[in-house]
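Got your viewer ready? Please load the model below and follow along, one selection at a time.

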2 protein chains.
Amino acid sequence: MTFLLHIGILLLGANIGGIISKKLKQPAVLGQILVGMLLGMGILEKTELIHYLSEIGVIFLMFIAGLETDVNELRASGKSSSAIAIAGVIVPLALVSGAAFMISGDWVSSVIVGLISIATSVSISVQTLKELGQLRTKQGVGILGAAIIDDVIGIILLTIVVGMARPGTGSNIFIVILKILSFFVITIIIGYILVQVLARISDRVNVRRKIVPYAIISCLILAFISEELGVAAVTGAYFAGVIFSMTPYRHKISHDIGLISDNIFTPIFFVGIGLGVDLNTIGVGIGYSLLLLGLGIIGKIAGCGWGAKLTGFSGKHSLQVGIGMVPRAEVSIIIANLGLKMNLIGHKEFASAIVLVVATTLITPSLLKWSFRGEGKIKDAA
Amino acid sequence: MTFLLHIGILLLGANIGGIISKKLKQPAVLGQILVGMLLGMGILEKTELIHYLSEIGVIFLMFIAGLETDVNELRASGKSSSAIAIAGVIVPLALVSGAAFMISGDWVSSVIVGLISIATSVSISVQTLKELGQLRTKQGVGILGAAIIDDVIGIILLTIVVGMARPGTGSNIFIVILKILSFFVITIIIGYILVQVLARISDRVNVRRKIVPYAIISCLILAFISEELGVAAVTGAYFAGVIFSMTPYRHKISHDIGLISDNIFTPIFFVGIGLGVDLNTIGVGIGYSLLLLGLGIIGKIAGCGWGAKLTGFSGKHSLQVGIGMVPRAEVSIIIANLGLKMNLIGHKEFASAIVLVVATTLITPSLLKWSFRGEGKIKDAA
């Protein structure tokens, strides 16, 4: 029954960290991650249960982000999001891989390190933008859209690199592309059917009263399918949210799942990120890590900002988009893990991925808050 | 990421099972357990995650039961609850142990089998009574109170038997009693402090808006402490609920945690009970199992009904109390497991415990519903 104590401590830490952060005018997320790092110094380990609850937390977080996405706005911002994503892949990939190549002279490991630096994980930005009341602005929508697109680009590039580095064992690039395409086809079909069925039965059944469990079930199953098809589970959860955002129940679902998530899963996810940090690994090659970190951040802000500027954002909004795209988390860690396991990168490169994830996670909330200073909140209707 | 699919299937099964049950005028719990048994036939296994989520589910369930307990009513029903519990221990223990002794001739295993048959697990009755709108009646309060008291009696008796069967390895009975007493002292102290602190700060802080996470944390930690002290975790969760029921936030907490629990944890708990049933184990000694099952049910209804009648319940209400005390679950399984592990009972006796748990779980909701037919719902204020 120790797991009850673990969850109790995690939630207590998350709430205390959140309160202190807010007193210091920082987003709650930052305090929660720092509390996680503190708890990780011998008090708590990241047990399998905490890992699972964290995963559910990030999935609910992305589901709610999807629910709060306005599809019409996203459609309008499709060109922007693509430009932000593509420029935000090219610039950091060139900078980070170039620097890594000049140091190591090895192309494969350098490209992997570059790939680690491109996969944006917007969950931190989403939470911060939510707290700031900016999730549904043009910049918020642009960030969400671009993060989804750059995940797909990252996965395709990774598959190409791994396939080229290991002929025979790597998976066929056409199969990978086929899988990603089939994910979108499945999502669109499921979405269309769901929206139609809900519209049909709403006359006979009190859908509103019973919709929430089925929304959760749809979210979990679509997240699973997307993971099976080689797309990240969070992407599936996000699109499940987008599907339900097109129904009349979006506010009810968003409210109830928000309540479930905010009280249990989301705080566990953010404290869990802190818990997962092994401070010892970071000591290895800190100079190398800091160099790549700097290039990764500059490359992302410059690249995404450039993409935003090109598609009509103001200078200030472009900077906000660039900063919102800075955080890297699970996908970077997953790529680094894969590279290490396949002997394509060494421990120094792996440590630099940890530093990248921790540092971008820690600084993004404050940077975002700074970049949005003085802007009025856009309240989500509830 | 398969766990997402597992949870999705569990929740889908729970919701479909619930709908079918309700169409057949049965409590949702029954359908959920049967769906669990179906899913357990090769489709799903009870993974560790499902086990943990189920545990959280039963803890939330008991926490909400505590929140909905009226302390003044419980105080008024203290004499009844004690009489129900004590008579409900003596009668089935005598019947079941007596029959087991006549068959096996072994005192220790017979007493263990008797103990398996006495530990009431009211979670099923709680859920059914909630659905029937009868949780806050005199009978509901009597059942809850008696179940808590008979858990304590069961634990003390088990410790005595284990201690006597295994001199040297068994724990000291006085230490066990001391632990149970210290649990109640700790609970009363924590409860007193919490209620006082909340009353003091409610002028300065908007407690209502932030109370829910702290209620969850208190519930988890008190459940953990109670388990550490040898009292079941669910008992700790129940008393945590009782503590918060004495604050002005009981309805807010009950509503929000009810929403969290009903959408995720409680359905997983009930489908999980079905999943946990190994149909093969039941084949062993089915006659023996059915005999003890019959005696266990009759003994419990007669004993508890007698206790209720003695303390002023009407005949119909006494029957309702007796039926509400019939279900056995975790504690019985735990005792059976312990007995098997210590070689105090054999596989036949273990199988009879499984049959007892499954059968009482399956029949109680329908029996309860039948016994309450024609009575008006007492709505919980929300």
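This tour visits the contact between the chains, then the axis, then a pair of helices. Keep in mind that you're looking at a predicted model.

**Stop 1: where the chains touch.** Color chains A and B separately. Here 27 residues of chain A are in contact with 27 residues of chain B. Now select α1 (2–23), α3 (48–67), α10 (207–228) and α12 (250–275) of chain A, the elements that each give two or more residues to the side touching chain B. Which of them gives the most? That's α10(A), with nine residues. Color this side of chain A by class and you'll get 21 nonpolar, three polar and three charged residues.

**Stop 2: the axis.** Try superposing chain A on chain B: a rotation of 180° with 0.0 Å of shift along its axis does it, at an RMSD of 0.1 Å. That is how a two-fold axis relates two copies. To find the axis from chain A, select A:I260, whose C-alpha is the nearest to it in that chain, at 2.5 Å. Both copies use the same surface, as 100% of the contact residues of chain A recur in chain B.

**Stop 3: a helix pair in chain B.** Hide chain A and select α2 (residues 28–39) and α17 (residues 347–371) of chain B. They pack at an angle of about 155°, with their axes 9 Å apart, so α2(B) and α17(B) are roughly antiparallel. Their crossing is left-handed. Show side chains for B:V29, B:L30 and B:I33 on α2(B), and for B:T361, B:L362, B:P365 and B:S366 on α17(B): these make the contact. By class, that contact has five nonpolar, two polar and no charged residues.

Terms used: Residues numbered from 1 in each chain as written. Chains lettered and ligands numbered in written order. Predicted model: local features only at pLDDT ≥ 70, side-chain atom pairs only at ≥ 80, totals over all residues. Contact = placed C-beta atoms within 7 Å. Helix = DSSP H or I, 4+ residues; strand = E, 2+ residues; numbered from the N terminus. Nonpolar A, V, L, I, M, F, W, Y, C, P; charged D, E, K, R; others polar. Least-squares fit on C-alpha atoms with pLDDT ≥ 70 in both. Axes fitted to C-alpha atoms, helices over the stretch in contact; angles between N-to-C directions. Parallel < 35°, antiparallel > 145°, perpendicular 65-115°, else oblique. Left-handed = near helix turned anticlockwise from the far one by under 90°.
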